[in-house]
Amino acid sequence: QVQLVESGGGLVQPGGSLRLSCAASGRTFSGKLIGWFRQAPGKEREFVASIRWSTTNTYYTYYADSMKGRFTISRDNAKNTVNLQMNNMKPEDTAVYYCALGQRTYYSTSEVRSGSNYEYWGQGTQVTVSS
């Protein structure tokens with residue numbers, strides 16, 4: 001069983017930065033895919049970014065178009081975490097951010113963007129962008 005815990009959320013001003021972390025407990029990352037999703041009040045959950053690694057430990061990253069260039073997803077093997085660095089944040093980035101783990105060996109470019117392909121989810125961390 002895998003437990004995922006997000007941290008790093010909070011209040012930030014427009015144009016500011018936050019760094020979210022997703023830590024796994026119970027087991028190390030047995031899956032090959034970690035993703036970040038977010039859900040704003042009254043809106044559907046949306047894909048933010050994901051990182052996938054192959055059996056040869058080649059990493060692939062994916063971003064939603066609106067986050068490309070502002071957000072960076074990365075994996076810290078030493079700390080067993082996946083981080084989401086968010087820069088130049090906007091009020092529309094306000095949401096609860098969730099990390100999720102997928103356990104299959106391979107995912108297509110479209111599959112990494114769908115929450116239905118992730119088996120484990122964290123409880124979420126609130127991010128508020130406001131002046």
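In the predicted model, strands β7 and β8 are paired in the antiparallel sense through six bridges. Within this pairing, Arg 75 lies opposite Val 82 of β8. Both strands belong to an open sheet of four strands, ordered β1-β3-β8-β7 with antiparallel pairing. The edges of the sheet are occupied by β1 (3-7) and β7; each has a single partner strand, so one side of each is left without a neighbour in the sheet. From one strand to the next, the twist averages 20 degrees.

Charged side chains were examined next. Side chains of opposite charge can pair when their charged atoms come close. With a nitrogen-to-oxygen cut-off of 4 Å, the count comes to five salt bridges. Three of these pairs are described here, among them one between Asp 93 and Arg 70, whose side chains meet at 2.8 Å, N to O. This pair links distant parts of the chain: Asp 93 is located in the loop between β8 (81-86) and β9 (95-102), whereas Arg 70 is located in the loop between β6 (59-63) and β7 (71-76), the two residues being 23 residues apart. Asp 93 has a relative accessible area of 0% and is therefore buried. Arg 70, at 9% relative accessibility, also counts as buried, because the limit for this class is under 20%.

Salt bridges that share partners join Arg 70 and Asp 93 with Arg 38 and Glu 46 into one network. Within the network, Glu 46 forms a salt bridge with Arg 38, and the closest N and O atoms of this pair are 2.6 Å apart. The two partners fall into separate accessibility classes: Arg 38 is buried, with a relative accessible area of 6%, while Glu 46, at 33% relative accessibility, counts as partly exposed.

A further salt bridge is formed by Lys 68 and Asp 65, with the closest N and O atoms 3.6 Å apart. This separation lies within the 4 Å cut-off, so the pair is counted as a salt bridge. Asp 65 has a relative accessibility of 65% and counts as exposed, because the limit for that class is over 50%. The acidic partners Asp 65 and Asp 93 thus stand in opposite classes, with Asp 65 exposed and Asp 93 buried.

Conventions
Residues numbered from 1 in each chain as written. Predicted model: local features only at pLDDT ≥ 70, side-chain atom pairs only at ≥ 80, totals over all residues. Heavy atoms only, no water. Buried < 20%, exposed > 50% of the residue type's maximum accessible area, 1.4 Å probe, protein only. Pairing = 2+ DSSP bridges. Axes fitted to C-alpha atoms, helices over the stretch in contact; angles between N-to-C directions.
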